[in-house]
Amino acid sequence: MEQYSITGMSCAACSSRVEKAVSKVPGVKECSVSLLTNSMGVDGTAAPAEIIRAVEEAGYGASLKDASVSGTEKKPAWADDEALKDKETPILRKRLISSVIILVFLMYFSMGTMMWGWPAPNAFRNHVFLGTFEMLLAIAVMIINGRFFTSGFRSLIHGAPNMDTLVALGSAASFGYSLVELFIMILAQGNGDGETVMRYGMNLYFESAAMIPTLITVGKMLEALSKGRTTDALKSLMQLAPKTAVVLRDGKETEVGIEEVRIDDVFVVRPGENIPVDGVILEGITSVDESALTGESIPADKKEGDGVSAATVNQQGYIRCRATRVGEDTTLAQIIRTVSDAAATKAPLARIADKVSGVFVPAVIGIALLTLIGWLLAGKSFTYSIARSISVLVISCPCALGLATPVAIMVGSGVGAKNGILYKTASALEGIGRSQIVALDKTGTITEGKPRVTDLLPFGTGSEDLLLHAAALEVKSEHPLAKAIRERAEGIELPQVRDFQALPGNGLRAEMMDGSELVGGSLNYVNGIVPVPEEIVSEAERFAEEGKAPLLFAKDRKLLGIIAVADTIKPDSAQAITELKNMGIRVVMLTGDNKRTAHAIGSAAGVDEVVAGVFPDGKADVISRLKEHGKVVMVGDGINDAPALTTADTGIAIGAGTDVAIDAADIVLVKSRLSDVTAAIRAGRATIRNIHQNLFWAFFYNAACIPLAMGVYGIAMKPMYGAAAMALSSFFVCMNALRLNLVDIHDASHDKKVRQIEKTFEINKEEAKMTKVLKVDGMMCAHCEARVKKALEAIDGVESAAADHDKGTATVQLSRAVADDVLRKAVEDQEYTVLGIE
């Protein structure tokens, strides 16, 4: 999506006008204009020149945001916070100070001397002189605030009146009416008609003509200040961008500008310095403060081979690193771009406000005219009628409607970014707040994603002796379960082995240097070599029921015991799932494991529903069926789960780390914590509540104040009071949005069950048109199952396959006839044995 800077917008009607104009350009697929950041995102094939021309023809200015280096400090454009700087407030402050100084004199003489008898030169007792003096001061204030008039009348000429049009019409009507009365007074004074001069002199509205733009300027300044604070999170991220780096050039340390760093450059970072670009540590050990990117307060330990990210802080050791990502490809740049793009998009709720804003100003002008005509027909004086009409113009506020959603989205996105939760679009932030079902991929989401030793059950020996011999046997094995055992034995001096043999799908055999024979593997394999006591068989079956892979080991045909290995549940998974359920959300686990393993893990994690035997290509179908029951969020790793992430109402990629630009996901979690899913939902719900509050206020304000200004309630409101009310309405909306910064998205104490699905549901896999069951010997863990499954699904005509190492079977679902020999060969090529096919 191309990003543009837009100038000249003053209210929601302006952004709506720009959006409509650009949407009509051929080749534009989607256009979203943000009044908050004065930016526009355009998706499509239209040339930038055509888009800019469309904006200019609508009466506004546009320029393409440059992706190159910008600014006097050679700061990359993605980190250039110049566009977010509050340039408007200083200008408004100068206008306001000048206006107030003149207005004080105007109010002193127009009201102070006339109503309260404050001292003044005798000349001011003359109504014509006083009226002329007021006119001159009002003209001065109107010139100072001339932008309202130029913008307002230009928009009116273009057929797209905005808030400035209402201000300009209200102030100009007050001034014009008073000017006519002043001429009448001059004529009356020339004719010696003192009574007419006195009567008309009490009905001048020059002070209103000056007060209206002044009060609106107050509101605009307050609005600009509060809008500036809503982008604080994004600006703070941009300020983290390093400006220089120390790289090794010709063996010497040289400080260069950050834009000069290239991939594979070697850079050094000393304790206390910011890491300039993403890289991999070549030398050194340290701890890195990554809180700016992940929200994690505890520093992460880093060693050779570990990755580091730009804008994080090296806290301890001296490190040398190789640059892997520079410029716009760094993690920091991607996070900034993600937050910026989210601000440039619109939430579905914003569309409602935009539709109203598009017709709001013309409707208000029509109501003002009807008010004038209505009171005249009711027999009221023209003075009374025009005052009511002007009040309607200046009290109406489309800005509150236009800002209700974007300010909340910006603050909500910022809160998420500070906690390592990146919402790619406004729709994602709103969508996750409405979630009813959360589907979790098991591997890497609920579990750690790699096997770990969970139990040591020695038989006739000690735990250390069992682990020592098992690790010695597994040293030369490439199997993931072997790696888990080696990691558990890290730090133990292992004996050497020779004549190592790996029998795929069965087990391992080797000879120790003293001639002792070691064997290890599945229950079936070891039981064929060493008699396994019944109690050990029972324990092995118990481990299998718990979703663990029991591996048996023996030395010289004497059983040493069992080591259970499993993909363990993350420490925070069970608590996070409990919190999801407390929110009224139904939790479903998706996994390719067999039913027994899947239900064991699902039960331990506490999920509501388990869908077993489903692999990446089938997850999208499950998500589609889940969507029949409610709004679905899919949480996965963003790579294998891409189809399911895109099918879900909202896709979340968890554990993205430095790869935050995952296309398939709507939301990216930098850390691999399931608790961040609950935090993302809390942020979404809080943002939706805030948007509802803002929209209620905006609609309520206009619904209550427009009739009040019309005089429906029997109150004759002065135009200046209407201007004051209008000035405060937008400020109220912005300040309410800033309350989102106070929300603790990791606090579960205020969770409520929202839109809970009362009825339980089952997601059953559809029966295939044709099914074959292969009896396979040699599978002994989930990784073996995955290997067999992958081999079978590579065959043309196989829709899906599910293997079960406990049962020794592989079930194949076919879309057409496939010969048994083809299925057999695919499995046996993986060095497993097919005993039969049914």
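**A walk from strand to helix pair**

Start by selecting I652: it stands opposite I667 in strand 28. Keep in mind as you click around that this is a predicted model.

Now widen the selection to residues 650–653, which make up strand 27, and to residues 667–669, which make up strand 28. The two run parallel, and 2 bridges join them.

Next, bring up the rest of the sheet. There are 7 strands in it, the sheet is open, and the order reads 16-28-27-26-17-24-25 with mixed pairing. Where are the edge strands? Select 421–423 for strand 16 and 609–611 for strand 25; each of these pairs on one side only. Looking across the sheet, you'll find neighbouring strands turned by 20° against each other on average, ignoring direction.

Add residues 426–433 and you have helix 15, which packs on this sheet. Helix 15 touches strand 16, strand 26 (632–636), strand 27 and strand 28. Compare its direction with that of strand 27: the two make about 100°.

Last stop: a helix pair. Select 463–474 for helix 17 and 480–488 for helix 18. Their axes lie 9 Å apart, and the helices pack at an angle of about 130°, so helix 17 and helix 18 are oblique to each other. The crossing of helix 17 past helix 18 is left-handed.

Which residues make the contact? On helix 17, show L467, A470, A471 and E474; on helix 18, show A482, I485, R486 and R488. Colour this contact by class and you get 5 nonpolar and 3 charged residues, with no polar ones.

Methods. Residues numbered from 1 in each chain as written. Predicted model: local features only at pLDDT ≥ 70, side-chain atom pairs only at ≥ 80, totals over all residues. Heavy atoms only, no water. Axes fitted to C-alpha atoms, helices over the stretch in contact; angles between N-to-C directions. Helix = DSSP H or I, 4+ residues; strand = E, 2+ residues; numbered from the N terminus. Parallel < 35°, antiparallel > 145°, perpendicular 65-115°, else oblique. Left-handed = near helix turned anticlockwise from the far one by under 90°. Contact = heavy atoms within 4.5 Å. Nonpolar A, V, L, I, M, F, W, Y, C, P; charged D, E, K, R; others polar. Pairing = 2+ DSSP bridges.
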